[in-house]
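Here are some friendly notes to read with the model open beside you. Take the points in order, and find each part on screen before moving on.

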Amino acid sequence: MGVEQVKQHLAKYQLSDSIITLDESSASVEEAAKALHIQPEQVAKSLTFSSEEGCIMVLLAGDRKVHNGKFKRTFHTKPHMLSSDQVLAYTNHEVGGVCPFGVNDHVFVYLDRSLQDYDYVYPACGERNNAIRLTPQQLFEISQAIDWVDVAKDQ
């Protein structure tokens with residue numbers, strides 16, 4: 001699973017060779033920042049929540065957390081994170097490698113505005129030891145995101 005579907009997805013954008021494979025884990029924000037030699041906020045972490053239609057995936061800056069009230073106002077539901085099994089079933093990726101590339105239908109991808117503060121961000125690519133360097137706009141296009149949202153807690 002995981003990285004093969006990601007490569008197929010990225011190939012549509014001539015980016016399948018752009019995946020960075022690391023010798024160490026990048027499963028957490030802290031590990032990814034250390035392995036990639038970047039600031040934690042540049043990690044584009046993928047959070048998954050249940051919805052009536054399927055799964056809401058929100059990518060936001062690695063140092064941010066979801067604001068429950070903003071999430072509820074935006075999506076008209078309380079934020080209920082998916083279990084590890086549900087994450088795998090919806091996204092084809094295990095926790096630690098979750099990304100918006102190569103996911104199943106009924107995964108609705110949104111990008112939080114917190115990512116727009118950075119020239120480049122680094123989402124995972126389907127495994128616990130890889131990532132890709134993209135501008136926020138590239139990430140928006142390649143992830144086929146529905147919209148930019150503001151659901152992160154203020155700092």
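1. Let's begin with the sheet of this predicted model. Its five strands lie in the order β5-β2-β3-β4-β7, forming an open sheet with mixed pairing. At the edges you will find β5 (122–123) and β7 (147–149), each of which pairs on one side only.

2. Now look at the two neighbours of β3, beginning with β2. The strands β2 and β3 run antiparallel and are joined by eight bridges. A hairpin connects β2 to β3 through two residues. To see one pair across this junction, find serine 51, which stands opposite glycine 54 in β3.

3. On the other side, how many bridges join β3 to β4? There are five, and these two strands run parallel. Two pairs are easy to pick out: isoleucine 56 has phenylalanine 108 of β4 as its bridge partner, while methionine 57 is partnered by valine 109, also in β4.

4. A helix lies against this sheet too. Helix α4 packs on the sheet, where it touches β2 (43–51), β3 and β4. The direction of α4 makes about 95 degrees with that of β3.

5. Is β3 mostly enclosed or open to the outside? Eight of its eight residues are buried, so β3 is largely enclosed by the rest of the structure. A useful thing to remember here is that side chains in a regular strand alternate between the two faces of the sheet.

6. Next comes helix α1, which covers residues 3–11 and has Val3, Val6, His9 and Leu10 buried. Looking down the axis of α1, you will see these buried residues within an arc of 115 degrees, so they line one face of the helix. The general rule is that an α-helix has 3.6 residues a turn, so residues three or four places apart point the same way. What do the buried residues of α1 pack against? Their partners are β6 (130–131) and α5 (136–142).

7. The largest nonpolar core has 28 residues, and those touching the most other members are Leu10, Leu59, Phe101, Leu111, Leu115 and Leu139. Two or more residues come from each of α1, β3 (54–61), β4 and α5. The largest share, four residues, is given by β3. There is also a second, separate core of twelve residues, including Phe49, Val66, Tyr110 and Val149.

8. Phenylalanine 101 deserves a closer look. Leaving aside residues up to four places away in sequence, its contacts include Val6, His9 and Leu10, as well as Pro123, Ala124 and Cys125. Phenylalanine 101 also touches Leu139 and Ile142, among others.

9. Finish with asparagine 104, in the loop between α4 (84–91) and β4 (107–112). Is this residue buried, partly exposed or exposed? Its relative accessible area is 30%, so asparagine 104 is partly exposed; the buried class is under 20% and the exposed class over 50%. Not counting residues up to four places away in sequence, asparagine 104 touches Ala89, Tyr90, Thr91 and Asn92. With asparagine 92 there is a polar contact between the two side chains, at 3.0 Å. For a sense of distance, the C-alpha atoms of asparagine 104 and serine 26 are separated by 23 Å, and the two residues are 78 residues apart along the chain.

Conventions: Residues are numbered from 1 along each chain as its sequence is written. This is a predicted model: local features need pLDDT of at least 70, side-chain atom pairs count only at pLDDT 80 or more; totals for chains, interfaces and linings use all residues. Side-chain values use heavy atoms; hydrogens and water are left out. Buried means under 20% relative accessible area, exposed over 50%, partly exposed in between (1.4 Å probe, protein chains only). The arc is that of the directions from the helix axis to the C-beta atoms. Contact means heavy atoms within 4.5 Å. A polar contact is a pair of N or O atoms within 3.5 Å; within protein, one must be able to donate a hydrogen and the other to accept it, and residues adjacent in sequence count only if both atoms are side-chain atoms. A nonpolar core is a set of buried Ala, Val, Leu, Ile, Met, Phe, Trp, Tyr and Cys residues joined through side-chain atoms within 4.5 Å. Two strands pair if DSSP finds at least two bridges between them. Axes are lines fitted to C-alpha atoms, for helices over the stretch in contact, and angles run from 0 to 180 degrees between N-to-C directions.
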